[in-house]
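Hello,

Here is the structure we talked about. Please open it first, then read my notes below with it on screen.

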Amino acid sequence: MAVTGAVLVLFLVGHMLGNLKIFLGAEEFNDYAEWLRTVGAPAVPGRTLLTITEIVLVVSVALHMWSAISLARRAVRARPVKYAARRRSQASGYATRTMRYGGVIIVLFVIWHLLDMTFGVVNPEGGDATPYARMVAGFQPSRWWITLFYLVALVMVGLHLRHGLWSAFQTLGLARRRRALKAGAAVVSAVLVLGFVAAPVAIMIGVVK
Ligand code: HEM
């Protein structure tokens, strides 16, 4: 869980920072998107590193979900009879309880998101437009319900990450500084979510056109 989670967190941090380039204008943003496709060339053919990244991401998501399912099964096997009293466990909290369906919402979001921003099938500008044009068209005020879906999914990503980071700290045996690490996980997650939220909101209110 922790290793694949760490890969996904690294991707999210890079993706969020990349998205912020939208504030530097169309040319910068599209150049950056082009660089993602050509990075490593001419030493390796174009898209090589991007394809490797995509494979690592797909494998990480699959293993992350597989680990979650096998851990849950192991927990059921270890204690087939449910506790009579629903006592709050040490790890309980809103973020903990939402890990399972939060994860499902995130997967559904990523499927929609790829159709929207990567393939352009559900984007008003279509697949041939530049990434900047797709992004600006995707978050127009008339499509507020899509933006709302993105915001809900991002809150889920934030909660998932907050609990995930905290669990990873515990796995690494760092749980002695409990309060500081809990606060650290919350701050990192909040910064990530706010970084992601900035672009859709700026487009929606017309700051980025
Ligand atoms: C406001 C939030 C987000 C915006 C505006 C956004 C925007 C984009 C854009 C424009 C692309 C296409 C880039 C290109 O074609 O060059 C993209 C790709 C992608 N995004 Fe996002 N994204 C957001 C949040 C997320 C989140 C939260 C996740 C994961 C949980 C995610 C996962 C992906 C993936 C997997 C790709 C495909 C990367 C690839 O082609 O290898 N995105 N995103």
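Gly 120 takes a positive phi of about 75 degrees, just after α5. Do keep in mind that this is a predicted model.

Stay with α5 for a moment. Its buried residues are Gly 102, Ile 106 and Asp 116. The cover over these buried residues includes α6 and α7.

α5 also matters for the ligand shell. Which helix gives the most to that shell? α5 does, with six residues. Other helices contribute as well. α1 (2-19), α2 (26-38), α3 (48-78), α6 (131-138), α7 (144-171) and α8 (178-204) are among those that each supply at least two residues. There are 22 residues around the ligand, and the nearest are Ala 33, Glu 54, Met 117, Pro 131 and Phe 196. By class, the shell has 16 nonpolar residues, five polar and one charged.

Next, the packing of α1. I looked at two partners, α3 and α8.

Take α3 first. The axes of α1 and α3 lie 9 Å apart, at an angle of about 135 degrees. That angle makes α1 oblique to α3. The crossing of α1 past α3 is left-handed. On the α1 side, the contact uses Thr 4, Gly 5, Val 7, Leu 8 and Phe 11. On the α3 side, they meet Val 56, Leu 57, Ser 60, Leu 63, His 64 and Ser 67. This contact of α1 with α3 holds six nonpolar and five polar residues, and no charged ones.

Val 56 deserves a look of its own. Val 56 sits in helix α3. Is Val 56 buried or exposed? Neither quite fits: Val 56 is partly exposed, because 15 other C-beta atoms lie within 10 Å, and buried would need 20 or more. Val 56 and Leu 8 are 48 residues apart in sequence, yet their C-alpha atoms are 9.4 Å apart in space.

Now α8. How do α1 and α8 pack, by angle and axis distance? The angle is about 35 degrees, and the axes are 9 Å apart. α1 passes α8 in a left-handed crossing. From α1, the contact takes Leu 12, Val 13, Met 16 and Asn 19. From α8, it takes Leu 192, Gly 195, Phe 196 and Ala 199. By class, the contact of α1 with α8 has six nonpolar residues, two polar and no charged. Phe 196 is also one of the residues that come nearest to the ligand.

Best wishes

Technical notes. Residues are numbered from 1 along each chain as its sequence is written. This is a predicted model: local features need pLDDT of at least 70, side-chain atom pairs count only at pLDDT 80 or more; totals for chains, interfaces and linings use all residues. A residue is near a molecule or strand if its C-beta atom, placed from the backbone, lies within 6 Å of it. Helices (H or I, at least four residues) and strands (E, at least two) are DSSP runs, numbered from the N terminus. Ala, Val, Leu, Ile, Met, Phe, Trp, Tyr, Cys and Pro count as nonpolar, Asp, Glu, Lys and Arg as charged, and the others, Gly among them, as polar. A residue is buried if 20 or more other C-beta atoms lie within 10 Å of its own, exposed if 12 or fewer, and partly exposed in between; C-beta atoms are placed from the backbone. Axes are lines fitted to C-alpha atoms, for helices over the stretch in contact, and angles run from 0 to 180 degrees between N-to-C directions. Angles under 35 degrees count as roughly parallel, over 145 as roughly antiparallel, 65 to 115 as roughly perpendicular and the rest as oblique. A crossing is left-handed if the near helix is turned anticlockwise from the far one by less than a right angle, and right-handed if clockwise. Two residues are in contact if their C-beta atoms, placed from the backbone, lie within 7 Å.
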